[in-house]
Amino acid sequence: MATSSSISSYQSDLIEHAMSVEALKFGSFTLKSGRISPYFFNAGLLSTGPILATLSTAYATTISNALSSKSIPPFDVLFGPAYKGIPFASTTALALYTQHNISVGFAYDRKEAKDHGEGGKMVGVSVKGKKVVILDDVMTSGKAVRAAIETVEQHGGEVVGVVQALDREEVGQDGVSSTVQELEGLIGEGRVFSILKMRDLMVWLEKNGMKGELESMQQYWDKYGLK
């Protein structure tokens, strides 16, 4: 498989920070799908100030690039699905403003609707009549993102993009389809982005001389990678 020969500093920063807190690990891991993966990414461990700074910078840069290339239209709200997505949306809204002078609101949902106080399932700015970008960590089946799209649409918003931290670039259980393609069928072609792809991890491993890990990744790609 051909890999692109370079990755950006915000991408390698994220890989290195994620490895330092064991949010990204190389080894042997059984996924929910039953596949034995040579790497594992747990965004729930991205929970220190320095790593949130790295992650939000990477999300913001990815979004800014997508806006510049007109791959997504100007939008109003970042939506972070509960619970993991909440800090991602708030810190990325901050990074978009401080680093790119892009002003957006953020919103998130509750797992349980609240029946007192202001009530309801949504928190943050209203998505009604607004263009919304959803942040996700790792997409496997896409179930969580589909639920987020549904939530935003039920509250009157229009989803114009999805940005994930990592795209595993795998075929679905049928051996052909891609979750990204399925989601683009819902929100528009070319509107699902990622900070990192499996191929970027392979480029990083190669650059850092981690031959054994790279070999395992290559074998996994040959078996399950999107061709």
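This passage describes the overall form of a predicted protein model and then three of its local regions.

The protein contains seven helices and eight strands. Its radius of gyration is 17 Å, close to the 17 Å that the globule rule gives for 227 residues, so the protein is as compact as a globular protein of that length. The C-alpha trace spans about 55 × 40 × 35 Å along the principal axes. Of the 227 residues, 49% are buried. Contacts between residues at least 6 apart in sequence were also examined, and 71% of these join residues at least 24 apart.

The accessible surface of the protein comes to about 11100 Å², and carbon and sulfur atoms account for 51% of this area. With regard to charge, there are 22 positive and 25 negative side chains. The centres of these two sets lie 2 Å apart.

Strands β1 (residues 24–30) and β2 (residues 36–41) run antiparallel and are joined by five bridges. Within this pair, Lys25 stands opposite Phe40 of β2. The two strands form a hairpin with five residues between them, and in this hairpin Gly34 adopts a positive phi near 95°.

A second region of interest is the loop between β3 (77–80) and α3 (85–100), where Lys84 is placed. The relative accessibility of Lys84 is 41%; because this value falls between the limits of 20% for buried and 50% for exposed residues, Lys84 counts as partly exposed. Leaving aside residues up to four places away in sequence, Lys84 touches Asn42, Ala43, Gly44 and Asp137. Lys84 is 11 residues from Ala95 in sequence, and the C-alpha atoms of these two residues are 18 Å apart in space.

The third region is helix α6 (residues 198–207), in which seven of the 10 residues are buried, so the helix is largely enclosed by the rest of the structure. These buried residues are Met198, Asp200, Leu201, Met202, Val203, Trp204 and Leu205. Their packing partners include both helices and strands: the helices are α1 (9–20) and α7 (211–224), and the strands are β1, β2, β7 (158–167) and β8 (192–197). The hairpin strands β1 and β2, described above as an antiparallel pair, are thus among the elements against which the buried residues of α6 pack. After α6 comes Gly209, which has a positive phi near 65°.

Note on methods. Residues numbered from 1 in each chain as written. Predicted model: local features only at pLDDT ≥ 70, side-chain atom pairs only at ≥ 80, totals over all residues. Heavy atoms only, no water. Helix = DSSP H or I, 4+ residues; strand = E, 2+ residues; numbered from the N terminus. Rg over C-alpha atoms; globule rule 2.2 N^0.38 Å. Buried < 20%, exposed > 50% of the residue type's maximum accessible area, 1.4 Å probe, protein only. Contact = heavy atoms within 4.5 Å. Areas by Shrake-Rupley, 256 points an atom, 1.4 Å probe, with all protein chains shown as cover. Lys, Arg positive; Asp, Glu negative; His and termini not counted. Charge placed at Lys NZ, Arg CZ, Asp CG, Glu CD. Pairing = 2+ DSSP bridges.
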